[in-house]
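Trainee: Could you walk me through reading the features of a model like this one? I would like to begin at the surface and then move on to sheets and charged pairs.

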Amino acid sequence: FFLGIQSSGRIVFYPRAGSSLRSRVTGIVRTKEWTHIAATYNGSVTSIYINGILDTSTTAITGALTANNDSIHIGADKIGAENLFFYGYMDNVRIWRSARNAEDIKNERFIPFSVYNASGKYSALAASFLFNNNINNSGSYFAEGTAANIEYVNMSDKAGNICDYNNNLILNGTTDYCSHENSNGWFNMPGSFTIECWVRRDTTGPQPLYQNLINKSGGTNVFDYGLYFSSAGDLYFAINNFSYIAPAPGVLQSSQ
């Protein structure tokens with residue numbers, strides 16, 4: 001299979017050898033701006049999506065894919081002397097062992113995936129390359145890739161950051177929470193660890209004296225470790241049943 005762009009900016013997708021689909025004349029990858037591209041094939045329908053919107057599809061291509069031991073190449077097509085190199089930026093390359101639906105492509109195009117024992121639809125994530133200073137596959141099959149003459153750039157502090165974390169929790173402060181089982185002691189921390197999160201505090205309703213962000217509890221009023229804050233916005237970090245507490249006064253403001 002092959003996914004690339006022509007010099008005109010039109011997208012070309014070969015789901016199998018000898019058969020291709022191009023995006024419309026108006027469906028192009030523009031220069032100097034980020035574009036999300038997705039291509040799907042289910043054996044009877046081939047589709048190209050641009051920025052989460054279906055650009056074109058066809059039922060003219062059918063049949064099974066060829067199975068071989070060829071490597072995946074990103075940024076080039078190793079077909080003899082014609083390498084067809086890409087010139088530009090690339091991020092969050094993903095390969096799925098399923099044909100994703102339009103809703104998932106649109107809703108999840110901004111979200112980077114790094115899976116661990118994934119189930120359901122995410123178990124089909126064969127490859128997820130985040131390019132965080134390496135070419136490791138963070139999909140269902142973890143492996144380290146080979147980088148040839150490439151460099152990485154961290155855009156997390158840029159106004160045009162490609163990863164916009166547009167999915168988040170809304171918690172009501174009284175009944176809402178999430179939990180995760182401690183499978184095989186995965187959340188039992190060694191001598192060093194880090195917990196972190198993004199939060200946006202809402203002070204329009206009743207404010208409990210303390211609000212927990214992340215904690216691993218060992219029973220009533222017991223922390224193995226916890227991150228929480230007070231109604232005054234003071235941030236606390238506790239480990240070993242409050243043996244160590246480091247308050248940061250007034251750091252959590254409202255609506256930030």
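Mentor: Gladly, and keep in mind that this is a predicted model. Let us begin with Met90, which is partly exposed because its relative accessible area of 36% falls between the 20% and 50% cut-offs.

Trainee: Where does Met90 lie?

Mentor: Met90 sits in the loop between strand 6 and strand 7 (93-96). It also belongs to a nonpolar surface patch, together with Phe1, Ile5, Leu65, Ile72, Ile74 and Phe86. The patch has about 640 Å² of accessible area in total.

Trainee: On to the sheets. How should I read strand order and pairing?

Mentor: In general, strands of a sheet pair through backbone hydrogen bonds, in either a parallel or an antiparallel way. Here, one open sheet has 3 strands in the order 1-2-3, with antiparallel pairing. Its edge strands, pairing on one side only, are strand 1 (2-5) and strand 3 (19-22). Neighbouring strands in this sheet are turned against each other by 20 degrees on average, ignoring direction.

Trainee: How many bridges join strand 1 to strand 2?

Mentor: Strand 1 and strand 2 (residues 11-16) are joined by 4 bridges. To find the register, look at Leu3, whose bridge partner in strand 2 is Phe13.

Trainee: What is the strand order in the sheet that holds strand 5?

Mentor: That open sheet of 3 strands reads 4-5-6, with antiparallel pairing. Strand 4 (37-41) and strand 6 (53-58) are its edges, and the twist averages 15 degrees from one strand to the next. Strand 4 pairs with strand 5 (residues 46-50) over 5 bridges, and Ile37 has Ile50 as its bridge partner in strand 5.

Trainee: And the charged pairs?

Mentor: Side chains of opposite charge can pair when their charged atoms come close. The count for this model is 5 salt bridges. Arg100 pairs with Asp104 at 3.9 Å, N to O, and with Glu108, where the closest N and O atoms are 2.7 Å apart.

Trainee: Are Arg100 and Glu108 buried or exposed?

Mentor: Both Arg100 and Glu108 are buried. Arg100 has a relative accessibility of 12%, and Asp104, at 13%, counts as buried too.

Trainee: Which residue forms a salt bridge with Asp104 at 3.0 Å?

Mentor: Lys121 does, with that distance taken between the closest N and O atoms. Lys121 lies in the loop between helix 1 (102-107) and strand 8 (125-129), while Asp104 is in helix 1, so the pair ties together parts 17 residues apart in sequence. Lys121 is partly exposed, at 39% relative accessibility. Put together, Arg100, Asp104, Glu108 and Lys121 are linked in a salt-bridge network.

Note on methods: Residues are numbered from 1 along each chain as its sequence is written. This is a predicted model: local features need pLDDT of at least 70, side-chain atom pairs count only at pLDDT 80 or more; totals for chains, interfaces and linings use all residues. Side-chain values use heavy atoms; hydrogens and water are left out. Two strands pair if DSSP finds at least two bridges between them. Helices (H or I, at least four residues) and strands (E, at least two) are DSSP runs, numbered from the N terminus. Axes are lines fitted to C-alpha atoms, for helices over the stretch in contact, and angles run from 0 to 180 degrees between N-to-C directions. Patches are made of residues with over 30% relative accessible area and no salt bridge: like charges are joined within 9 Å, nonpolar side chains (Val, Leu, Ile, Met, Phe, Trp, Tyr) within 5 Å. Accessible areas come from the Shrake-Rupley method with a 1.4 Å probe; for residues, only the protein chains shown count as cover. A salt bridge is a side-chain nitrogen of Lys or Arg within 4 Å of a carboxyl oxygen of Asp or Glu. Buried means under 20% relative accessible area, exposed over 50%, partly exposed in between (1.4 Å probe, protein chains only).
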